[in-house]
Amino acid sequence: MSKLRLIAVPVLAAAMGLASAATANAATATITKAEYDKIKLGVSTATMHSVAGRGACKLLSSSTVGGMTLKSYECKGNKAYSSANFSFTNNKLDLRMQVLLDGGTSNGRMTKAKYTKITIGKTITQMKEIAGTGTCVRTGQSEMKGYRTSTYECEQASTGGSAIFLFENGKLDMRSQYGLR
């Protein structure tokens, strides 16, 4: 499995509703989407804490391997079931992920016909043009040294159906649907 797939799978799983709820002892401080967007690859842990606010991000793991220090942080999001994760190597951010920080909801207008037209290789803009404004919402994203992934969910209110699209560097790489008519 490629590194990209390794970071994309958690985002896709969360978009499909498999993300766990925050634990009872989670921090009371939270991170917003605007704060997440300010935490760019290459920044230090101090910058992350400064931007996210005191207590929003908790250390998940820390280790030293071959002279490299690795640290991972999880930040509670300000939306229901949302979160952000940051991984640092030698105090420099090299992986960031967020799930459900956008907080949007689909207008429920996805159809099987629209899904069929959104084929592998299409761009995010093309997906939005085919599906219609407000139909697809971003549920997660990740970024790591030249790789960007975004996950979108598009609902069909009349059947309870849904489509999920995973984009790699702006191009559709994987898609799935259930219950669309």
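Biologist: Let's start with L70: how does its relative accessible area class it?

Modeller: Bear in mind that this is a predicted model. L70 is found in strand β2, and its relative accessible area is 30%. Buried would need under 20% and exposed over 50%, so L70 counts as partly exposed.

Biologist: Which residues form a nonpolar patch on the surface with L70?

Modeller: The patch has about 240 Å² of accessible area, taking its members together. Besides L70, its members are V65 and M68.

Biologist: And I164, is that one buried or exposed?

Modeller: I164 is found in strand β7, which covers residues 161–168. Its relative accessible area is 5%. The cut-off is under 20%, so I164 is buried.

Biologist: How far apart in space are I164 and V137, C-alpha to C-alpha?

Modeller: In sequence, 27 residues separate I164 and V137. In space, their C-alpha atoms are apart by 9.7 Å.

Biologist: Moving to strand β5, why is it largely enclosed by the rest of the structure?

Modeller: Strand β5 runs over residues 136–144, nine in total. It's largely enclosed because, of those nine, the number buried is seven.

Biologist: Which strand does β5 join through eight bridges?

Modeller: On one hand, β5 pairs with β4 (residues 92–99) in the antiparallel sense over four bridges, and there R96 has E143 as its bridge partner. On the other, eight bridges link β5 to an antiparallel strand covering residues 147–156. In that second pairing, R138 stands opposite Y152. The strand you're after is β6.

Biologist: Which residue in the turn of the β5 and β6 hairpin has a positive phi?

Modeller: Two residues sit between β5 and β6 in this hairpin. In that turn, a phi of about 35° belongs to K145.

Biologist: Now for the insides: which element gives the most to the largest nonpolar core?

Modeller: That core has 15 residues, and I31, I39, M48, C57, A84 and F86 touch the most other members. The elements giving two or more residues are α3 (45–52), β2 (68–76) and β3 (83–89). With three residues, the top contributor is β3.

Biologist: How many residues are in the other core, the one with Y115 and I118?

Modeller: This core lies apart from the largest one. Y152 and C154 are also among its members, and Y152 is the β6 residue opposite R138. Its residue count is 14.

Biologist: Last one: which residues of I31, I39 and M48 is F86 in contact with?

Modeller: Leave aside neighbours within four places in sequence, and F86 still has contacts including Y36, K71, Y73, L93 and R96. From your list, F86 touches I31, I39 and M48.

Terms used
Residues are numbered from 1 along each chain as its sequence is written. This is a predicted model: local features need pLDDT of at least 70, side-chain atom pairs count only at pLDDT 80 or more; totals for chains, interfaces and linings use all residues. Side-chain values use heavy atoms; hydrogens and water are left out. Buried means under 20% relative accessible area, exposed over 50%, partly exposed in between (1.4 Å probe, protein chains only). Two strands pair if DSSP finds at least two bridges between them. A nonpolar core is a set of buried Ala, Val, Leu, Ile, Met, Phe, Trp, Tyr and Cys residues joined through side-chain atoms within 4.5 Å. Contact means heavy atoms within 4.5 Å. Patches are made of residues with over 30% relative accessible area and no salt bridge: like charges are joined within 9 Å, nonpolar side chains (Val, Leu, Ile, Met, Phe, Trp, Tyr) within 5 Å. Accessible areas come from the Shrake-Rupley method with a 1.4 Å probe; for residues, only the protein chains shown count as cover. A salt bridge is a side-chain nitrogen of Lys or Arg within 4 Å of a carboxyl oxygen of Asp or Glu.
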